[in-house]
Amino acid sequence: MQWWKEGVIYQIYPRSFQDSNGDGIGDIPGIINRLPEIAALGVKAIWLSPVYRSPQIDNGYDVSDYRSIDPLFGTMEDMERLIAGAEKRGIRIIMDLVVNHTSDEHEWFRKSRRREEPYTDYYIWKPPGGRKKRPGAASGKNPPNNWTSFFMEDAWTFDEVRREYYLHLFHKKQPDLNYKNPLVLEEVQGILRFWLDKGVAGFRCDVINVLWKESLDDGKKSSMLTGLEHYKCREGNHDILRRLRKETLDPAGAFTVGETAMVDLAEAKLLSDEARRELDMVFYFDHLEVDRRFARFVPKKFRAAELLKRLAKWQQGLSWNAVYLENHDQSRIVSHYGCDAGAGQKDSPWERSAKILAALEFTLRGTPFIYQGQEMGMTNFDFTGFDQVKDIETHNFNRLLKKFHLPLWLRWRWLRLSSRDNARTPVQWSGRPGAGFTEGAGPPWRGSPWLGSPWLGINGNYRELNYETQRDDPGSVLSFYKRMIRLREQSETLKYGAFKPLLATGALLMYSREDDTPGGTGEAYVAAFNFSSRRVKLSGEGRVLLRGNVVISNLDKHGAYDLVPALEPWEALVVKAR
Ligand code: ISL
Ligand code: CA
């Protein structure tokens, strides 16, 4: 029995979780102070977004020393106290492994740009491009190829010291490591061993499917990422993962979940197939882009039938799923697929739809991940303009859209929905100024420059929507999450049963989870969801399917159910059909 199939994993984005020293930035002592609340949720592990030393260009996903803790977050002793404190509560710690790239302030890069051995080839360096000026290259630039970055910029930067270009699939201060140099893989093995020796249980592996750049040839022009075909899920990448697994991770019994950008089902199967010993599971994005174009950036109409089709594809396509609805890069799911009207209010569309999404997550097959604040229904930010946004991805995309002369109102409409800052506003622990996140001296929100103000604005709905108002309310979103976690833990069918799509029309979707193993219990649950603010009638077929004893209702319905005529607005209903 693998622990990571049995339990729930809680993601913490440290800088927004809990500040303990009044500088307006979350830190590790703050997390330690909140271990009782995390344990009360009933999770089995914490995935910690990066706390390593970093210039913080990409909020820690730009690492300058993998073996030390950034002073913003505390000390190595704090980290060791967190690991020990969590373990005392039966909670494992999973670190964020960011090794597709380092910070340009990492010692390796500082020496590589000076051609100091053995670091000269730790990164991907190339002289300026061919003799003819590359079409489309910015003036004065002559990059080795036409690749673009995930942050909508050139993927190459000319270094004045080495007089060559270096590759960066993200920010120019995040140079990509060169995995064709065997020394790089050895360094990564050393990082893994360092943290495994500290007692961590495994790793969430950042963009772990783009490590191997097969060639540096020009890419096919693409709307999103020119060059992707040369480095996404290449055979060399699989070899790297198998080696890390065989030589370091398996001997330590370590867990891994890969974050695999732009991955398709066939690639995800290869990466997470147990027999191939690469990753235990992967984060894909398909189910969160039902109402989006160009990955998650341009909105389109949400259709429940499309969501069910994509859920079924991955639930039935992979032997095990990482089930998640939020993380530090995604908008808040209650604002995305739910409705955040009446945020913080009892029996509002917000409360119902936050619960409908919890019911969805915990009746899917796979390891559930909860992102900090999701358990209390935190919503997208209430910023009113780009001046309040900190995320570099949002600002870069805004700059790109400006080049295409999109008006400000349209740019803001799109980007306020997709900005990663939606998930990064401070966790709302109480209704007091600073939302219980910080007691900093500065004004309690909007991230003003004074010391002690939160690094990013606190959502103005913190007064009504916060942990304290929900903790002791049996009808709260938080209490509903706790019930879902317990229900799943107690049900082998909800954990391991087969996923079967049943029907989806308009805003209504239904599926079942069944123990159809030979000699199994034959137990089956049927789940029905109304993703709309309108009452939805059930068809004859739907009524027949949704029969049995209620086990989950976000409207507190219970008892035997037969021939249900309709679902109320934002209603989730799960019955034990047999
Ligand atoms: O591809 C994405 C999913 O739509 C992008 O959101 C995301 O940037 C990409 O998957 C990589 O994300 C990870 O690596 C980045 C870092 O900025 C993100 O926070 C991290 O989750 C670079 O380290
Ligand atoms: Ca702090």
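Which residue's polar side-chain atom lies 3.0 Å from an oxygen atom of ligand 1? One residue that fits is H101. Before the rest, some ground rules: this is a predicted model, where local features need pLDDT of at least 70, side-chain atom pairs count only at pLDDT 80 or more, and totals for chains, interfaces and linings use all residues. Residues are numbered from 1 along each chain as its sequence is written, chains are lettered from A and ligands numbered from 1 in the order written, and side-chain values use heavy atoms, with hydrogens and water left out.

**Ligand 1**
- R204 also puts a polar side-chain atom 3.0 Å from a ligand 1 oxygen, while for R296 a side-chain N or O atom sits 2.7 Å from one (polar contacts are pairs of N or O atoms within 3.5 Å).
- On its own, ligand 1 exposes 500 Å², and the protein buries 98% of that (Shrake-Rupley areas, 1.4 Å probe).
- There are 19 residues around ligand 1, with D58, E259, R296, D329 and R420 coming nearest (a heavy atom within 4 Å).

**Calcium ion (ligand 2)**
- Its protein donors are D19 (OD), N21 (OD1), D23 (OD), I25 (O) and D27 (OD), at 2.3 to 2.4 Å (donors are N, O and S atoms within 2.8 Å of the metal, or 3.2 Å for Na, K and Ca).
- Along the chain, these donors run as D-x1-N-x1-D-x1-I-x1-D.
- I25 and D27 are both buried (under 20% relative accessible area, 1.4 Å probe, protein chains only).

**Cysteines**
- The structure has 0 disulfides (cysteine sulfur pairs within 2.5 Å).
- For C205, the nearest cysteine sulfur is that of C233, 13 Å away.
- C205 counts as buried at 4% relative accessibility, and C233 is buried too, at 12%.

Note on methods. Polar contact = N/O pair within 3.5 Å; in protein donor to acceptor, adjacent residues only side chain to side chain. Buried < 20%, exposed > 50% of the residue type's maximum accessible area, 1.4 Å probe, protein only.
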